[in-house]
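Colleague: I'm new to this structure and would like a close look at one part of it. Please pick a single helix and tell me what goes on along it and around it.

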Amino acid sequence: MLGYVVRRLLLVVPTLAGVAVAVFFLIRVMPGDVVIVKLRADGAPISEETVLAERRRLGLDKPLYLQFVDYMVGLARLDLGKSLWTGEPVTKEIGLRIAVSVQIAAMAALIAVLIALPLGTISALYRDSWIDHTVRVVAVSGLAIPSFWLGMLIILVLLSLFNWLPKIGYVPFWQDPVANLSVTIWPAAAVGYRYAAVATRMMRSSLLEVMREDYIRTARAKGVWTRLIMRRHALRNAMLPVVTVIGLEFAFLIGGLVVTEQVFNINGIGKLFVDATARGDFNLIQGLVLLIATIFIFTNLLVDLLYGWLDPRVRLS
Amino acid sequence: MAVVATTPAQVETLPPRGSLLWQFVRTQPLGLIGLLIIVLYVAFALGAVWIAPFDPEAVDFGAMLAPPGGEHLFGTDQYGRDVFSRIVYGARTALAVGILSSLFGCTLGALMGAASGYFGGRIDTAIQRVVDIMLSFPLIVLAMVVVAVLGKKNLAGIDVNLITAIALPIIPKMARVARSSTLSIVTMPFIDAARAAGFSHTRIILRHITPNIVAPYLIMATAFIAQAILLEASLSFLGLGVTEPTPAWGLMLSGTSADFYQTAPWMILFPGAAITLAVFAFNLFGDSLRDWLDPKLKS
């Protein structure tokens with residue numbers, strides 16, 4: 001088990017290195033020039049010299065291979081370089097904003113799992129009843145509604161019913177839980193809906209499949225209560241594909257967050273990413289892409305570990 | 001997603017009664033609903049000139065923020081542009097970008113996957129590593145980076161680079177599916193026969209393998225149209241996709257319209273509903289197509 005984890009962690013390194021190299025070269029093909037965009041935004045007159053000076057200051061005048069070496073050496077020391085826009089270290093820019101995004105993502109995942117597991121189970125148990133149909137319609141809609149539009153609808157409802165809007169600005173949870181939740185709960189609900197919908201569908205179909213297994217029939221024939229069959233035999237086995245989907249969808253969650261943070265004006269990593277892309281801030285884009293890839297890879301590792309715990313037949317090797 | 005290839009034997013045993021369309025309609029009522037909505041949107045896209053009552057880009061300061069009903073079915077926006085007309089023309093953008101990027105991504109992915117499964121060995125390993133790296137990003141993140149990298153490039157009124165950006169994240173997913181389908185086909189005798197006949201690799205892949213992965217290809221392509229429409233709307237909403245004054249649903253929701261939550265909620269309700277309904281229709285149709293084309297998945 002420990003050996004497996006270590007081996008998997010070692011495999012993370014080449015994958016992330018591949019991502020880093022790919023992003024580096026992909027971004028350098030970019031036609032936009034952050035220097036010109038920035039100078040224009042500053043309202044400074046753009047002359048040949050100012051552009052060159054600025055490029056030199058940012059280290060963009062070096063040959064590509066030297067920039068690449070700098071970048072890789074920095075990465076090895078967990079130094080992501082400085083934002084080309086603000087001049088602050090990328091790690092600092094991300095550090096300032098990551099708390100709110102992680103909190104929203106975690107809340108959305110939690111809401112989704114808490115809703116999806118019971119809902120999917122009920123839907124499977126009462127198959128083809130009106131409960132099942134309702135759950136399925138709600139789930140299918142969850143796949144179709146863009147999370148940012150759902151966010152706008154939430155704001156619309158809050159405004160027209162209570163004439164109230166969540167405050168802008170993030171307060172850490174331990175300082176003021178109420179203020180914190182009143183800001184974060186809405187985006188979490190908006191991105192969590194899709195997550196819950198996907199997990200519910202998977203829970204339902206996977207449970208239906210398990211219920212057809214021979215060992216369930218055997219248990220029934222022995223006269224075991226349905227409730228006990230569910231708890232002892234069915235649920236745990238049905239969880240496997242659900243866990244996979246929850247892991248895979250976590251990436252979608254981050255994607256949804258990128259757009260939804262804009263709707264709620266939340267200054268998280270999603271908004272940072274949008275700004276970085278709009279400005280052509282190489283270093284910041286690289287750092288954020290690496291961060292997202294890392295989160296994704298570790299989520300998948302966690303999913304694989306959960307597999308082994310849920311189903312002892314799955315050997316981790 | 002477990003997509004199993006339809007083998008040639010199965011294609012031949014399809015029941016011959018009635019036309020294909022009629023069979024689909026009879027066995028997949030939900031798919032029919034999806035199909036009807038899609039047909040409606042296609043009609044919007046093709047007949048926009050006749051269906052839309054107003055010019056979608058015409059600014060009318062005399063009719064700013066007019067509520068729905070009366071002359072303007074879905075009301076007007078802050079520039080007095082007719083929301084309904086913009087939604088009708090927006091179908092053009094959504095379908096063009098959605099269908100083209102899905103086809104582009106799926107075709108490239110299918111070829112990559114087929115090559116990967118056919119050649120095996122080092123080529124397979126190399127392609128799979130690329131696929132792994134591409135899969136470690138959420139769709140939108142990859143698309144955003146590509147949009148940023150490529151900029152905008154208009155060709156016949158369509159942003160080619162936007163289509164590339166949306167197609168790119170689709171490639172690895174299709175490649176995975178095509179590869180696993182190909183792996184089950186390459187062991188079949190007819191491939192050996194083609195090899196023995198001395199056909200080139202290209203010919204075997206294009207003439208003998210691709211026709212046999214058409215079913216998973218169609219299923220994936222339909223499913224990805226829904227995702228591509230969603231992605232285009234999200235990118236346009238962020239200001240990274242379609243740009244003003246081109247009518248696009250995501251763009252209609254973007255930026256300024258947020259100021260009008262209370263005064264003009266129709267500016268938010270209708271474009272979002274248009275996106276949701278389109279994605280819903282393609283999902284529904286795609287699901288039914290899968291059940292219909294792939295009897296093994298039925299249980």
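Modeller: Here is a walk along one helix of chain A, then on to what comes after it and what lies around it.

First, the ground rules. This is a predicted model, in which local features need pLDDT of at least 70 and side-chain atom pairs count only at pLDDT 80 or more, while totals for chains, interfaces and linings use all residues. Residues are numbered from 1 along each chain as its sequence is written, and chains are lettered from A and ligands numbered from 1 in the order in which they are written.

A bit of setting helps. Chain A comes to 12 helices and 0 strands, where helices (H or I, at least four residues) and strands (E, at least two) are DSSP runs numbered from the N terminus. Its C-alpha atoms fill a box of roughly 85 × 55 × 35 Å along the principal axes. On pLDDT (the predictor's confidence in each residue, from 0 to 100), chain A averages 81, and 93% of its residues score at least 70. Within chain A, confidence is lowest in helix H2 (residues 34-42), at a mean of 65, and highest in helix H5 (residues 90-125), at 88. The model as a whole scores ipTM 0.81 and pTM 0.83.

Now to the helix I'd pick: H10 of chain A, residues 226-263. If its 38 residues made a straight helix, they would span 56 Å at 1.5 Å a residue, yet its end C-alpha atoms are only 45 Å apart. (That expected span is 1.5 Å times one less than the number of residues.) Follow H10(A) to A:Ala234 and you'll find a bend of about 50°, a bend being the angle between axes fitted to the seven residues ending at a residue and the seven starting there.

Further along H10 of chain A sits A:Gly255. A:Gly255 counts as buried because it has 27 C-beta neighbours inside 10 Å; the cut-offs are 20 or more other C-beta atoms within 10 Å for buried, 12 or fewer for exposed, and partly exposed in between, with C-beta atoms placed from the backbone. What does A:Gly255 touch, leaving out residues up to four places away in sequence? The list is B:Pro138, B:Leu139, B:Ile140 and B:Val141, with a contact meaning C-beta atoms, placed from the backbone, within 7 Å.

That brings in the other chain. In total, 30 residues of chain B are in contact with 38 residues of chain A. On the chain B side, helices H6 (121-135), H7 (139-150), H12 (214-237) and H14 (266-293) each supply at least two of the touching residues. By class, that side of chain B has 22 nonpolar, 7 polar and 1 charged residues. Here Ala, Val, Leu, Ile, Met, Phe, Trp, Tyr, Cys and Pro count as nonpolar, Asp, Glu, Lys and Arg as charged, and the others, Gly among them, as polar.

Back to the end of our helix. H10(A) is followed by A:Asn265, which lies in the loop between H10 and helix H11 (269-279) of chain A. A:Asn265 has a positive phi of about 55° although it is not a glycine. Most residues other than glycine have a negative phi. A:Asn265 counts as partly exposed because it has 15 C-beta neighbours inside 10 Å.

Past that loop comes H11(A), which is largely enclosed by the rest of the structure, since 8 of its 11 residues are buried. Among those buried are A:Gly270, A:Lys271 and A:Arg279. A:Gly270 also links back to H10: its C-alpha is 8.0 Å from that of A:Gly255, 15 residues apart in sequence. Just after H11(A), A:Gly280 takes a positive phi of about 70°.

One last stop is the largest nonpolar core, which has 158 residues. A nonpolar core is a set of buried Ala, Val, Leu, Ile, Met, Phe, Trp, Tyr and Cys residues joined through C-beta atoms within 7 Å. Those with the most contacts inside it are A:Ala199, A:Leu253, A:Leu288, B:Ala143 and B:Ile229. A:Leu288, for one, touches A:Ile94, A:Ile269, A:Leu272, A:Phe273 and A:Ala276, not counting residues up to four places away in sequence.

Conventions
Two residues are in contact if their C-beta atoms, placed from the backbone, lie within 7 Å.
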